[in-house]
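Colleague: I have a list of "why" and "how do you know" points about this model. Can we go through them one by one?

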Amino acid sequence: MERSLSHIALFAALIAVLGFVPQITLATGVPITAQSLGIMLCGTVLGAKRGALAVLLFLLLVAIGLPLLSGGRGGLGVFASPTVGFLVGFPVAAFVAGLIVERSTAPIGLAAGFGAFLGGVVTLYAFGIPGMALMLGKTLPEAALLITPYLFGDLIKVGLTGLITHSLARMRPGILMSRN
Amino acid sequence: MLALTSPVQTPFHRLRAGPKLAALAMFTLILFQLDSPAPLAIALAFVAALHLPGGRPFVAHALRLLRPLWPFALILALWHLWTDDLTGGATILLRLTTAVAAANLVTMTTRLSDMIATVERLAAPLARLGLPPRTLALAIALTIRFLPVLSDRLARISESWRARSPRRPGWRILTPATLATLDDADQVAEALRARGGAG
């Protein structure tokens, strides 16, 4: 009980802190924000249920008025903005990523990468695109077109989630709650 | 790190959080029923007028909070100029701005402590699902407490990276940052147990 609580609370804080990091510029010069990487890591490290709860706790803090979304955004207004679908999809994305890691018997890095892809890209976009279509009065293909510039960065984050989860498991076997 | 609550006192600061949230929900529902520019312009003017008792710094704060919307305003403007549907574009843009501004107004005029108290009250039924309000409040407090701790930890990891390498600290600092978070979480769990547990 205490272990779940402390991990959920501290990973909610980690997602927030990764939003403060200005931007991580990759070797190729592509800037990415680390916040959605934090969402994927919540799933692959904490597992489906705890990962989703950590993301929900993070969103609760945003909703009650803390400026914790990347770029210092926060408050109730962000839930009325065009990106609301992504916010709703965040906890589900972490859940899916965690579920894949829990159920799969593949090597941890591959399982985490695949989970991050199914959760952080497929599932997240399945919420984000309809949300944007609804808020901006566009059709689904039109909304999908508007977010394609983010796809490349998100695919890089999928790879990084796999790498980071793999390193964690190698450095400290047994530390991943998703595999215990 | 501060909350988004405005330090400028307005009459709305004295209202309770629950009724304000209920009013916001009603207002937003109505906004999504309106689908022509004229009534939506009136709604926006109404929300703008509600900001006036706060004076100039309050209005400036509100405008700053609306800034993340401008890329969407730009996309909508270009899109609807292209498709020659200005009425449709104006409707969507007015509705979006009004909904976000109204929600921001509630955030700006409600103290964090009032919000947390309201969340605890609203979450009371979750006790039956195994989440007592006290545990939720503890989780919120723990997260807020660890924001500066983890922020500081991340800064120190970047510093030690820079001390060893001429290259910029990239994604590689994320592994030690996650590891540090996991270790902290284990220690917090032990500390909670030593003090009688979270249950």
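Modeller: Gladly, and keep in mind that this is a predicted model. Start with helix 1 of chain A and helix 3 of chain A.

Colleague: Which residues in helix 1 of chain A meet helix 3 of chain A?

Modeller: S4(A), H7(A), I8(A), A9(A), F11(A), A12(A), I15(A) and A16(A). Their partners in helix 3 of chain A are R50(A), L53(A), A54(A), V55(A), L57(A), F58(A) and L61(A). By class, the residues of this contact are twelve nonpolar, two polar and one charged.

Colleague: Why are helix 1 of chain A and helix 3 of chain A called oblique to each other?

Modeller: Look at the angle. Their axes cross at roughly 55°. Roughly parallel needs an angle under 35 degrees, and roughly perpendicular runs from 65 to 115. The pair fits neither range, so helix 1 of chain A and helix 3 of chain A count as oblique. Their axes come within 8 Å. The crossing is right-handed.

Colleague: What makes helix 5 of chain A and helix 6 of chain A roughly antiparallel?

Modeller: The angle again. The axes of helix 5 of chain A and helix 6 of chain A cross at roughly 155°. The cut-off for roughly antiparallel is over 145 degrees. The angle passes that cut-off, so helix 5 of chain A and helix 6 of chain A are roughly antiparallel. These axes come within 8 Å. This crossing, too, is right-handed.

Colleague: How many nonpolar, polar and charged residues are in the contact of helix 5 of chain A with helix 6 of chain A?

Modeller: There are 20 nonpolar, nine polar and two charged residues.

Colleague: Why are helix 2 of chain A and helix 5 of chain A called oblique?

Modeller: Their axes cross at roughly 120°. Roughly perpendicular stops at 115 degrees, and roughly antiparallel needs over 145. The angle falls between those bounds, so helix 2 of chain A and helix 5 of chain A are oblique. The axes come within 10 Å. Helix 2 of chain A passes helix 5 of chain A in a right-handed crossing.

Colleague: Which residues meet there, between helix 2 of chain A and helix 5 of chain A?

Modeller: From helix 2 of chain A come S36(A), I39(A), M40(A), G43(A) and T44(A). From helix 5 of chain A come A112(A), G115(A), A116(A), G119(A) and G120(A). That contact has four nonpolar, six polar and no charged residues. Gly counts as polar here.

Colleague: Now whole chains. How do you know that the radius of gyration of chain A agrees with a compact globule?

Modeller: Compare two values. With 180 residues, a compact globule would have a radius of gyration near 16 Å. Chain A has 16 Å, so the values agree. Its C-alpha trace spans about 50 × 35 × 30 Å along the principal axes. Chain A has six helices and two strands. From the N terminus on, its elements run α-β-β-α-α-α-α-α.

Colleague: What does the same rule give for chain B?

Modeller: For 199 residues, the rule gives a radius near 16 Å, but chain B has 23 Å. Along its principal axes, the C-alpha trace of chain B spans about 60 × 50 × 35 Å. Chain B has eight helices and zero strands. The domain assignment gives chain B domain 1 (11-111) and domain 2 (124-194). The centres of these domains of chain B are 35 Å apart.

Colleague: How many residues of chain A are in contact with chain B?

Modeller: 52 residues of chain A are in contact with 54 residues of chain B. Helix 1 of chain A gives the most to the chain A side, with 15 residues.

Colleague: What classes of residue make up the side of chain A that touches chain B?

Modeller: That side has 37 nonpolar, eleven polar and four charged residues.

Methods: Residues are numbered from 1 along each chain as its sequence is written. Chains are lettered from A and ligands numbered from 1 in the order in which they are written. This is a predicted model: local features need pLDDT of at least 70, side-chain atom pairs count only at pLDDT 80 or more; totals for chains, interfaces and linings use all residues. Domain bounds come from an automatic or database domain assignment. Axes are lines fitted to C-alpha atoms, for helices over the stretch in contact, and angles run from 0 to 180 degrees between N-to-C directions. Helices (H or I, at least four residues) and strands (E, at least two) are DSSP runs, numbered from the N terminus. A crossing is left-handed if the near helix is turned anticlockwise from the far one by less than a right angle, and right-handed if clockwise. Two residues are in contact if their C-beta atoms, placed from the backbone, lie within 7 Å. The radius of gyration is taken over C-alpha atoms; the globule rule is 2.2 Å times the number of residues to the power 0.38.
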